[in-house]
Amino acid sequence: PAKFDAWLSLWDKWAAKVEENNLKAAAACLSYPLSLPEVDRVVVGVDSVDQLKALIAASQIQLPQHDFSFMTSEDQMLINPSNWSDL
């Protein structure tokens, strides 16, 4: 959504990394938290049963580790979803 345009350069870097490594976006998003031994589950939002099925399938894809460290942020407007309504 346009309200996240303040971080457009970050999204562009992420999209380039995903494309460069021939990754599926959902699998790329889910692979990191699911790779952590202390994480048993992740919470996602869906709009349909088909979207849920696609996310479940994406969560089962084993990806090699990729360096997404450039995605770290301390910006509370970005990392805290409760702030998104204020954007």
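Asn 83 is buried, because its relative accessible area is 16% and buried means under 20%. This residue belongs to a predicted model. Asn 83 sits in the segment after α4. What does Asn 83 touch, once its neighbours within four places in sequence are left aside? It is in contact with Gln 76 and Met 77. Both of these numbers fall in the range of α4, residues 76-79.

Now step back to the whole chain. It has four helices and zero strands. Read from the N terminus, the order of elements is α-α-α-α. The C-alpha trace spans about 35 × 30 × 25 Å along its principal axes. The chain has 87 residues, and 16% of them count as buried. About 6700 Å² is exposed, with carbon and sulfur atoms supplying 55% of that area. Take the contacts with a separation of 6 or more. Residues 24 or more positions apart account for 62% of them.

Next, look at helix α1. It covers residues 8-20, which makes 13 residues. How far apart should its ends be, at 1.5 Å a residue? The expected span is 18 Å, and the end C-alpha atoms are 18 Å apart, so the two values agree.

Which residues of α1 are buried? They are Leu 10, Trp 14, Lys 17 and Val 18. These residues cover an arc of only 100° around the axis, so they lie on the same side of α1. Turn to the other side of the helix. There, Glu 19 and Glu 20 are exposed. What covers the buried residues of α1? The cover includes α2, residues 25-35, and α4. After α1 comes Asn 22. Its phi is positive, near 55°.

Last, consider the surface. Six names are worth finding there: Leu 34, Val 42, Val 44, Val 46, Leu 52 and Ile 56. They form a nonpolar patch. Together they have about 410 Å² of accessible area. Pick out Ile 56, which is found in helix α3, residues 49-59. Is Ile 56 buried or partly exposed? Its relative accessibility is 42%, so Ile 56 counts as partly exposed. That class lies between the two cut-offs, under 20% for buried and over 50% for exposed.

Set the two residues side by side. Asn 83, at 16%, is buried. Ile 56, at 42%, is partly exposed.

How values were computed: Residues are numbered from 1 along each chain as its sequence is written. This is a predicted model: local features need pLDDT of at least 70, side-chain atom pairs count only at pLDDT 80 or more; totals for chains, interfaces and linings use all residues. Side-chain values use heavy atoms; hydrogens and water are left out. Helices (H or I, at least four residues) and strands (E, at least two) are DSSP runs, numbered from the N terminus. The expected span of a helix is 1.5 Å times one less than its number of residues. Buried means under 20% relative accessible area, exposed over 50%, partly exposed in between (1.4 Å probe, protein chains only). The arc is that of the directions from the helix axis to the C-beta atoms. Contact means heavy atoms within 4.5 Å. Patches are made of residues with over 30% relative accessible area and no salt bridge: like charges are joined within 9 Å, nonpolar side chains (Val, Leu, Ile, Met, Phe, Trp, Tyr) within 5 Å. Accessible areas come from the Shrake-Rupley method with a 1.4 Å probe; for residues, only the protein chains shown count as cover. A salt bridge is a side-chain nitrogen of Lys or Arg within 4 Å of a carboxyl oxygen of Asp or Glu.
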